[in-house]
Amino acid sequence: MVARILDGKSIAADLRAEVAAAVAEMKAASGAVPGLAVVLVGDDPASRSYVTGKEKACAAAGIYSREIALPATATRAEILAIVRALNADDAIDGILVQLPLPDSSIERDVIEAIDPAKDVDGFHPTNVGRMVLGLPSFVPCTPAGVVEILRRSGTPLAGATVVVIGRSQIVGRPLSILLSQKGVDATVTLCHTRTKDLAHFTREADVVVVAAGRPHTLTGDMVKPGAVVIDVGVNRVPDASKASGYRLVGDADFADVAEKAAAITPVPGGVGPMTIAMLLRNVVEAARRRRGAGA
Ligand code: NAP
């Protein structure tokens, strides 16, 4: 079997067009323009490139974006003061603090300082708690993007057996909650480094989502024929043939897994573009809620 490629770029383009239409409608109805503030601390090149990607996507959708760049030496108090100012800023509907921060020990405090109504990353405990309870909330963008790619590709989820590899707070754990919610109705197994015999679980799964951050975590022999595989991983591996000296690979052995699976997301061009599209959707949703449904 040669797997169908689930083209995240094209699905995300559809979503972004929907967001742009919603923004245009909002502008026409009330003059309101949704606004996103992105706080970038330090000069990590990967973070810089993620932030640029998000700002470009905002501009293309008609969303106002403002970047607040701080030096790596910015203190906890300085970052918290910026977040509080953005909480009070009426032009800003969504606040995103690009993670990781140079000092990861203050991340929790910074996330908790964000007004939950502007927490478009969905990391604030209020939004996490509401998501667990099945109440309206901002859902973290990558797990939301995975669910959306599964839905839009017509993958049946109700009653399906889904294995999620990775239990991080930003990807695996929230995804396991979303997939097991009433209305989605998958039967979910959440695996991690202490899972005994990972392949035993993945071979039974109708859908495998791998978010481990390690190349070769999922190989062809670990996948049931006809399964759907979503590869969240983004790993840089050395490649002398590239000008950059590296190329991006996922957590699954793409060619090997594609021989067995019915469908698979590529890296790049799979989950990554969906994450940005879901962020835009969250910003528009935040603007609607803050400015009133008709805004
Ligand atoms: P993380 O915080 O490092 O968590 C990785 C998780 O995977 C942990 O729960 C770890 O288990 C588990 N794990 C690692 N190796 C494993 C193995 N061999 N078998 C079973 N479980 C294993 O990573 P993350 O932030 O969730 O990110 C995961 C990957 O997704 C990374 O490559 C990241 O770059 C990528 N990512 C992509 C996007 C996107 O938009 N495309 C967004 C976010 C993240 P333990 O808990 O036991 O350590």
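Okay, a quick definition before we start: when I say helix or strand, I mean a run assigned by DSSP, with at least four residues for a helix and at least two for a strand, numbered from the N terminus. Keep in mind, too, that what you see above is a predicted model.

With that definition in hand, let's find Gly 62. It sits in the loop between α2, residues 45-61, and β3, residues 64-70. So is Gly 62 buried, exposed or partly exposed? Its relative accessibility is 21%, and the cut-off for buried is under 20%, so Gly 62 counts as partly exposed.

Who does Gly 62 touch? If we skip the neighbours within four places in sequence, Gly 62 is in contact with Val 23, Lys 27 and Val 33. For a sense of scale, jump to Thr 217, which is 155 residues away along the chain. The C-alpha atoms of Gly 62 and Thr 217 are separated by 39 Å.

Now let's zoom out to the whole chain. You can count 10 helices and 11 strands in it. The radius of gyration is 19 Å, close to the 19 Å the globule rule gives for 295 residues, so the chain is as compact as a globular protein of that length. Along the principal axes, the C-alpha trace spans about 55 × 40 × 35 Å.

What about inside and outside? Of the 295 residues, 49% count as buried. The chain exposes about 13,300 Å², and carbon and sulfur atoms supply 55% of that. And here's one on folding back: take the contacts with a separation of 6 or more, and 69% of them come from residues 24 or more positions apart.

Last stop, the ligand. Which residues come nearest to it? There are 21 residues around the ligand, and the nearest are Arg 167, Ser 168, Thr 193, Val 234 and Thr 275. By class, that shell has nine nonpolar, 10 polar and two charged residues. Helix α10, residues 271-291, gives the largest share of the shell, three residues.

Let's look at some atoms there. Arg 167 places a polar side-chain atom 2.7 Å from an oxygen atom of the ligand. With Val 234, we're talking about a backbone N or O atom, 3.0 Å from a ligand oxygen. Val 232 also has a backbone N or O atom by a ligand oxygen, at 3.5 Å. And how much of the ligand does the protein bury? Taken alone, the ligand exposes 920 Å², and the protein buries 71% of that.

Technical notes: Residues are numbered from 1 along each chain as its sequence is written. This is a predicted model: local features need pLDDT of at least 70, side-chain atom pairs count only at pLDDT 80 or more; totals for chains, interfaces and linings use all residues. Side-chain values use heavy atoms; hydrogens and water are left out. A residue is near a molecule or strand if one of its heavy atoms lies within 4 Å of it. A polar contact is a pair of N or O atoms within 3.5 Å; within protein, one must be able to donate a hydrogen and the other to accept it, and residues adjacent in sequence count only if both atoms are side-chain atoms. Accessible areas come from the Shrake-Rupley method with a 1.4 Å probe; for residues, only the protein chains shown count as cover. Ala, Val, Leu, Ile, Met, Phe, Trp, Tyr, Cys and Pro count as nonpolar, Asp, Glu, Lys and Arg as charged, and the others, Gly among them, as polar. The radius of gyration is taken over C-alpha atoms; the globule rule is 2.2 Å times the number of residues to the power 0.38. Buried means under 20% relative accessible area, exposed over 50%, partly exposed in between (1.4 Å probe, protein chains only). Contact means heavy atoms within 4.5 Å.
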